[in-house]
Amino acid sequence: MGIEIKCFATLAPSLPDNAADYPAEPGETVRSLIAKLGIPEDDIALIFINSARAYLDSEIKDGDRIGLFPPVGGG
Amino acid sequence: MAESPDAAIRRLASQAPLPQGGQGLVLSPEAVAEIAAGTGLPGCGIEARALELDILPTRYLRNMHGITPGDQIRLLRGSVAQVGLGGLGGTLFEQLLRLGVGTLRVADGDSFEASNLNRQALCDMTTLGQSKAESAQRTAARVNPSATVDARHEFLTRDTLPGFLAGCDLAIDALGGLTHRLILQQCAAEAGIPLVTGALAGWTGYVGVVMPGQPGPAQFMGQDNGAEEALGCPAPSVNMVATLMAAEAVRILRGEPSPLAGGMILIDLKQLTFETVRL
């Protein structure tokens with residue numbers, strides 16, 4: 001079982017084809033994950049894992065749902 | 001001796017069929033305007049008093065009973081301070097007027113330009129070049145003259161926001177861009193009132209409710225402008241976010257806790273997903 005990744009707005013093009021079942025390495029963190037996805041850390045405003053706020057150093061476990069959200073302020 | 005507001009309300013009320021069946025006493029918008037002109041009282045106060053007398057203002061018949069008469073009284077006696085009258089702000093303003101929120105204090109220092117036409121409810125070919133505040137004042141007179149509207153043509157600052165928020169029950173962040181959102185969140189917290197906030201870019205958006213002292217989106221979204229510069233602000237996203245903000249505003253004004261307090265709902269209209277996250 002892998003993890004599920006969701007990238008919002010300007011981050012959507014970085015979503016891998018296997019985002020619904022992405023392989024997570026043992027000891028994977030958000031920081032190591034987004035490095036693999038090629039997303040600069042500064043491009044992310046909000047990270048959440050399983051609907052709770054998370055951070056770059058948060059660990060990722062099999063079955064987690066990861067959301068990555070950029071700065072969004074339009075009205 | 002001049003007629004009392006209660007006597008005028010009772011005299012001008014009439015029997016009418018009610019949407020849920022049966023007959024009841026109603027008060028037409030024209031009657032509300034007549035009593036307001038005769039007594040010098042705001043229409044929203046007359047409507048709230050009519051509801052206390054079990055007379056339903058016709059204008060709000062179709063709010064019932066999604067909004068109960070008791071809730072409608074709370075809305076009519078409620079006050080909202082809204083910053084921004086652009087995309088989110090225009091739609092929110094119209095919804096708050098139609099909902100019957102009694103007192104609306106709104107501010108925007110901009111005037112309408114052609115690139116606002118894709119989404120801003122108060123912007124049309126007749127209002128191009130007009131100040132957004134003036135347009136709001138005119139819209140209020142057309143849509144719901146019972147509302148007490150104070151529309152200010154100014155960009156609020158750290159110095160002027162506290163006075164703008166003072167005395168209101170709720171603050172609404174309908175700003176465009178990220179630059180001023182954190183200051184507004186801080187000022188709302190200092191004023192001790194809840195803040196309803198929302199923003200969007202392309203087909204993605206979010207809505208949050210920040211109770212005083214709680215974390216809010218402005219703390220981590222930064223103050224440089226965001227993804228909206230690349231992705232734009234199409235009308236369906238704007239109206240979806242504004243609608244969710246209006247629904248939370250009603251919930252707070254009627255005295256219920258918001259499920260979004262301390263969190264935010266993330267909306268993606270491209271993949272059609274809605275997810276509430278805790279902050």
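Student: What area is buried between domain 1 of chain B and domain 2 of chain B, and what share do carbon and sulfur atoms give?

Tutor: About 710 Å² is buried between these two domains, with 44% given by carbon and sulfur atoms. Buried area is the accessible area (1.4 Å probe) that two parts lose on being put together, summed over both. This is a predicted model, where local features need pLDDT of at least 70 and side-chain atom pairs 80 or more, while totals for chains, interfaces and linings use all residues. Residues are numbered from 1 along each chain as its sequence is written, chains are lettered from A and ligands numbered from 1 in the order written, and side-chain values use heavy atoms, leaving out hydrogens and water.

Student: Which residues of domain 1 of chain B supply the most of that area?

Tutor: Cys44(B), Arg59(B) and Tyr60(B) supply 54% of what domain 1 of chain B buries against domain 2 of chain B, more than any other three residues. The bounds, from an automatic or database domain assignment, are 5-69 for domain 1 and 78-278 for domain 2. Their C-alpha centres lie 29 Å apart, and 10 residues of domain 1 of chain B are in contact (heavy atoms within 4.5 Å) with 10 residues of domain 2 of chain B.

Student: How many salt bridges and polar pairs are counted between the two domains?

Tutor: A salt bridge needs a side-chain nitrogen of Lys or Arg within 4 Å of a carboxyl oxygen of Asp or Glu; between these domains the count is zero. There are, though, seven residue pairs in polar contact, both at pLDDT 80 or more. A polar contact is a pair of N or O atoms within 3.5 Å; within protein, one must be able to donate a hydrogen and the other to accept it, and residues adjacent in sequence count only if both atoms are side-chain atoms.

Student: And between the chains: how many residues are in contact?

Tutor: 34 residues of chain B are in contact with 18 residues of chain A. The area buried between the chains is about 2000 Å², and carbon and sulfur atoms give 63% of it. Two salt bridges cross this interface. In Arg65(A) with Glu275(B), the closest N and O atoms are 3.0 Å apart. The count of residue pairs in polar contact, both at pLDDT 80 or more, is 17. On the side of chain B that touches chain A, E11(B) gives the most, with five residues. Helices (H or I, at least four residues) and strands (E, at least two) are DSSP runs, numbered from the N terminus.

Student: Now the inside: which residues touch the most other members of the largest nonpolar core?

Tutor: Leu88(B), Phe93(B) and Ile172(B) do, in a core of 45 residues. Such a core is a set of buried Ala, Val, Leu, Ile, Met, Phe, Trp, Tyr and Cys residues joined through side-chain atoms within 4.5 Å. Helix H10 (residues 235-253) of chain B gives the largest share of this core, nine residues. Not counting residues up to four places away in sequence, Ile172(B) touches residues including Met245(B) and Ala249(B).

Student: Why does Glu248(B) count as buried?

Tutor: Glu248(B) counts as buried because its relative accessibility is 7%. Buried means under 20% relative accessible area, exposed over 50%, partly exposed in between (1.4 Å probe, protein chains only). Glu248(B) sits in helix H10 of chain B. Leaving aside neighbours within four places in sequence, Glu248(B) is in contact with Val196(B), Val209(B), Ser258(B), Pro259(B) and Leu260(B).
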